[in-house]
Amino acid sequence: PDRRWREVDGSLVSVDLSGFTALSESLQAKGRAGAEELVMAVSGVFEGLIGIADRRGGDVLKFRGDALLILFSGDGHAERACRASSEMQWFIERTGGTMMSSVGEVKLQMYVGIYSGTCHFFLVDAGHRELVAVGPAATATMELEDAAAAGEVLVSPATAAAVGPEWLAAERDGAAVLSQQADPDASAPPIFVTASVRTSSVDLEPFVPPALRSSLRLETGEAEHRQVAAAFVKFTGVEGVLDKGGPAALSDALSGLGDVV
């Protein structure tokens, strides 16, 4: 809580799912019942994916709509990131690739990008303390995910070098395609065990947007569709600020941006 930024040596993984948007649009006409069905479907799939990441020592940092941003750090982080990603692809293809719903069959596909190296993270004050992952590692991870085909895990050169050629199926545009592992063995090493942080005494309320706090206290979790206006703010120049002034300067710039937004 007392640090505004961190540099972490690790592997950053972006996992993006397609198929839920079409399901959401189809279920919208059913009102609350449709929203509840959507939440159950999404929750069931993400529970499986997060369980795999957790077993391999991955820390889910962000939900980006239908996507997850996961950090693997510590010993063997590149191999654990690749193993978890392969297991998640297997999970989607074998157990979640085709889902049945009240509005018909839903086909899920997954796209994954992995980058290994120095990752930058910032806590930005913007009414609450928001974790922001930006910098060369975050950019490269998103580019790899965007370039990946459905059912594919695309990894950076450093990730490929860390795991070795036996993990790789092909090369493409300076990146490498991870080979698919058949029926992954859940007991295969390395399973990374970390001390649980769920019993931490850190006050977590400042990290939750104020508008959400009252809803979380109610613990009702009722599903709903809402008519909203959604805005996305894109900012560039992060790498330039980082190169010129380092993480401290970038932290100041992000805090200024958070105030304006």
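Strand β3 covers residues 67–73, and 6 of its 7 residues are buried, so the rest of the structure largely encloses this strand. Keep in mind that the model is predicted. Buried here means under 20% relative accessible area.

Which strands pair with β3? Strand β1, residues 5–18, is one partner, and it runs antiparallel to β3 over 7 bridges. Find V15 and look across to β3: its bridge partner there is L68. Strand β2, residues 58–64, also pairs with β3 in the antiparallel sense, over 6 bridges. Here V60 stands opposite I70 of β3. The chain gets from β2 to β3 by a hairpin, with 2 residues between the strands. One turn residue, G65, has a positive phi of about 65°.

Now follow the chain out of β3. D75 sits in the loop between β3 and helix α3, which spans 77–96. Is D75 buried or exposed? D75 counts as exposed because its relative accessible area is 66%, and the cut-off for exposed is over 50%. Compare sequence and space for D75 and G10. They are 65 residues apart in sequence, yet their C-alpha atoms are 9.0 Å apart.

Next comes strand β10, residues 175–178. In a regular strand, side chains alternate between the two faces of the sheet. In β10, A175 and V177 point one way, while A176 and L178 point the other way. All four are buried.

β10 has its own pairings. Strand β8, residues 152–155, pairs with β10 in the antiparallel sense over 2 bridges. Strand β9, residues 168–172, does so over 4 bridges, also antiparallel. Look at V177 in β10. V177 is the bridge partner of L154, and V177 is the bridge partner of A170 as well.

β9 and β10 form a hairpin with 2 residues between them. D173 lies in this loop between β9 and β10. What is the phi of D173? It is positive, about 55°, although D173 is not a glycine. D173 is exposed because its relative accessibility is 81%.

Turn now to charges. Side chains of opposite charge can pair when their charged atoms come close. In this model the count comes to 10 salt bridges. Start with R4 and D252, whose side chains meet in a salt bridge at 2.8 Å, N to O. R4 lies in the segment before β1 and D252 lies in helix α7, so the pair ties together parts that are 248 residues apart in sequence. How covered are the two ends? R4 is partly exposed because its relative accessibility is 35%. D252 is partly exposed too, with a relative accessible area of 46%.

A second salt bridge joins the side chains of E87 and R56, at 2.6 Å from N to O. This pair links distant parts of the chain, 31 residues apart. E87 belongs to helix α3, and R56 to the loop between α2 (32–55) and β2. Both E87 and R56 are buried. They also belong to a network of salt bridges that links R55, R56 and E87.

A third salt bridge connects the side chains of K62 and E130, at 2.3 Å from N to O. Here, too, the partners come from distant parts of the chain: K62 is in strand β2, and E130 is in strand β7, residues 129–133. They are 68 residues apart. E130 is partly exposed, with a relative accessible area of 27%. Strand β2 thus appears twice in this tour: β2 pairs with β3, and its K62 meets E130.

Finish at the surface. Which residues gather in a patch of negative charge? They are E143, D146, E239 and D243. Two helices, α4 (136–147) and α7 (238–260), each give two or more residues to this patch. E239 lies in helix α7. It counts as partly exposed because its relative accessibility is 30%. Helix α7 also holds D252, the salt-bridge partner of R4.

Note on methods:
Residues are numbered from 1 along each chain as its sequence is written. This is a predicted model: local features need pLDDT of at least 70, side-chain atom pairs count only at pLDDT 80 or more; totals for chains, interfaces and linings use all residues. Side-chain values use heavy atoms; hydrogens and water are left out. Patches are made of residues with over 30% relative accessible area and no salt bridge: like charges are joined within 9 Å, nonpolar side chains (Val, Leu, Ile, Met, Phe, Trp, Tyr) within 5 Å. Accessible areas come from the Shrake-Rupley method with a 1.4 Å probe; for residues, only the protein chains shown count as cover. A salt bridge is a side-chain nitrogen of Lys or Arg within 4 Å of a carboxyl oxygen of Asp or Glu. Lys and Arg count as positive and Asp and Glu as negative; His and the chain ends are not counted. The place of a charge is taken as NZ of Lys, CZ of Arg, CG of Asp or CD of Glu. Buried means under 20% relative accessible area, exposed over 50%, partly exposed in between (1.4 Å probe, protein chains only). Two strands pair if DSSP finds at least two bridges between them.
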